[in-house]
Amino acid sequence: MEKLWGGRFKKTINKEMEEFVSSLSFDKRLIKYDLLGSIAHAQMLGKCKIISKEETDKIVEGLKQILKEVQEGKEKIITGEAEDIHSWIENKLKGKIGTIAGKLHIARSRNDQIALDERLYLKEEVLIIQDLMKNLQKSLLLSAQKNLGIIMPGYTHLQHAQPILFSHHLMAYFYMFGRDKGRMQDLFKRIDVLPLGSAALAGTSFPIDREFVASQLGFSRISENSLDAVSDRDFILEFLSTSAILMMHLSRLSEEIILWSSKEFNFIELDDSFCTGSSIMPQKKNPDAAELIRGKTGRVYGNLINLLTTMKALPLAYNHDMQEDKEPLFDTVSTLERSLFLMSKMIETMQVNKEKMETSTKGDFSTATELADYLVKKGLSFREAHKLIGKIVLYCLENKKYLEDLTLSELKSFHKSFDKKTLEVLKPQSAVEAKDSFGGTSLNRVSESIQKAKKILKQEY
Ligand code: ARG
């Protein structure tokens, strides 16, 4: 295949070298965006009378034909020795309309072209990802609503701490993913900038109309500085770092799902359709989707570090190193999309073991704080109360008793302020109900929070 730059060279390229520099095997994913960008660019060249109307029509027609072939699924034909998708398209166009194809590259370089393709691609993908995030939030919300009232142990240090509502736990993730979505929405603004018209690095001597191209392609703004526009990849880095945070949240949720579906916890049962078995142990049902989401978090972090490192010492403006930005970007997009989809399906279809969750809150001393609060309400300082309850816990441990087994007279032997109501306070249900502060786990507050969350989601649709 003829090179876009052959004129200056006496020898042809070395075979190994040719393969080494080629990005076609992965940048073919950008074909649709490259064609759309080229169509808008050709139309602009015609509008500004840089090329004639007939030339414009021929070029646009040829590009549209290629686009149609691509959309009909013929893009599998993208093979060969082209250096990248830009050369591949130009060559294909030449085959269709002859040498006029060469006029498409007036006032343009592959440097602003690739920056454009990536921005068009990422704008679309970020919107898809936001939708998937909304779906995940919806699954969490529905499960929180369906299971409202179920009490589970709340943990710190993975030790039973205080009883909480299972729905409160799920809603914590609802808010985490809400912040991730907010970050995606915010970074979208910085992707939504047209780099085309910057040419190789310095701008162009042709009388182009960048505003026209921006409006054709749906960009809100055009880039201010040609050097910056062809060498900036921070719109990708911002996406990769937001994705890394999002994967971290998905991974934490995965970890909980894995723990909860173990025999020891037995808090939930995952649907068969999101698990696999073992080739040797017939009884096994493994939470693979959750494990793989947790595992793939590593590659998304890696993708961020990968591109940060690639970019860190690059002088302005374009350098071929930047071709390495695409694989981590594409890999992150597909990892995120699949993980988000599977996580919401897993949440949507899991069964919650109410009984096991609730019995786990018994005999675990997780209402000890309630007992301390009770004494504080009777006038003790929190420190005094804390110490005294600590003694009661010790007494229980030494006598092999749980807090809820203590009789009123036993309690009274520790402090005279204990009365009949104390026994009520020790129940997990009362402990949950008592946490009625804003953002707390009482039924009232959690229902309120679910209603609010529903409204938030509705407003977004
Ligand atoms: N394949 C290149 C990339 O992905 C496109 C830009 C090439 N520019 C150049 N001057 N070689 O970055």
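This report walks through the surroundings of a ligand and one pair of strands in a predicted model.

Let's start with the ligand. Around it you'll find S23, D84, H86, R110, N111, I114, Y318, Q323 and K326. Sorted by class, this shell holds 2 nonpolar, 4 polar and 3 charged residues. Helix α6, which spans residues 110-146, gives the most to the shell, with 3 residues.

Some of these neighbors have polar side-chain atoms that can be paired with atoms of the ligand. D84 and N111 each have such an atom facing a nitrogen atom of the ligand, while for K326 the ligand's partner is an oxygen atom. Here are the distances:

| Residue | Ligand atom | Distance |
|---|---|---|
| D84 | nitrogen | 3.5 Å |
| N111 | nitrogen | 2.9 Å |
| K326 | oxygen | 2.6 Å |

How much of the ligand's accessible area does the protein cover? On its own, the ligand has 340 Å² of accessible area, and the protein covers 87% of that.

Now for the strands. Strand β1 takes in residues 151-156 and strand β2 takes in residues 159-165; the two run antiparallel and are joined by 6 bridges. If you want a spot to look at, try Y155, which stands opposite H160 in β2. Together β1 and β2 make a hairpin, with 2 residues between the strands. In that hairpin, H157 takes a positive phi, near 55 degrees.

One thing to keep in mind while you look at strands: in a regular one, the side chains alternate between the two faces of the sheet.

How values were computed: Residues are numbered from 1 along each chain as its sequence is written. This is a predicted model: local features need pLDDT of at least 70, side-chain atom pairs count only at pLDDT 80 or more; totals for chains, interfaces and linings use all residues. Side-chain values use heavy atoms; hydrogens and water are left out. Two strands pair if DSSP finds at least two bridges between them. Helices (H or I, at least four residues) and strands (E, at least two) are DSSP runs, numbered from the N terminus. A residue is near a molecule or strand if one of its heavy atoms lies within 4 Å of it. A polar contact is a pair of N or O atoms within 3.5 Å; within protein, one must be able to donate a hydrogen and the other to accept it, and residues adjacent in sequence count only if both atoms are side-chain atoms. Accessible areas come from the Shrake-Rupley method with a 1.4 Å probe; for residues, only the protein chains shown count as cover. Ala, Val, Leu, Ile, Met, Phe, Trp, Tyr, Cys and Pro count as nonpolar, Asp, Glu, Lys and Arg as charged, and the others, Gly among them, as polar.
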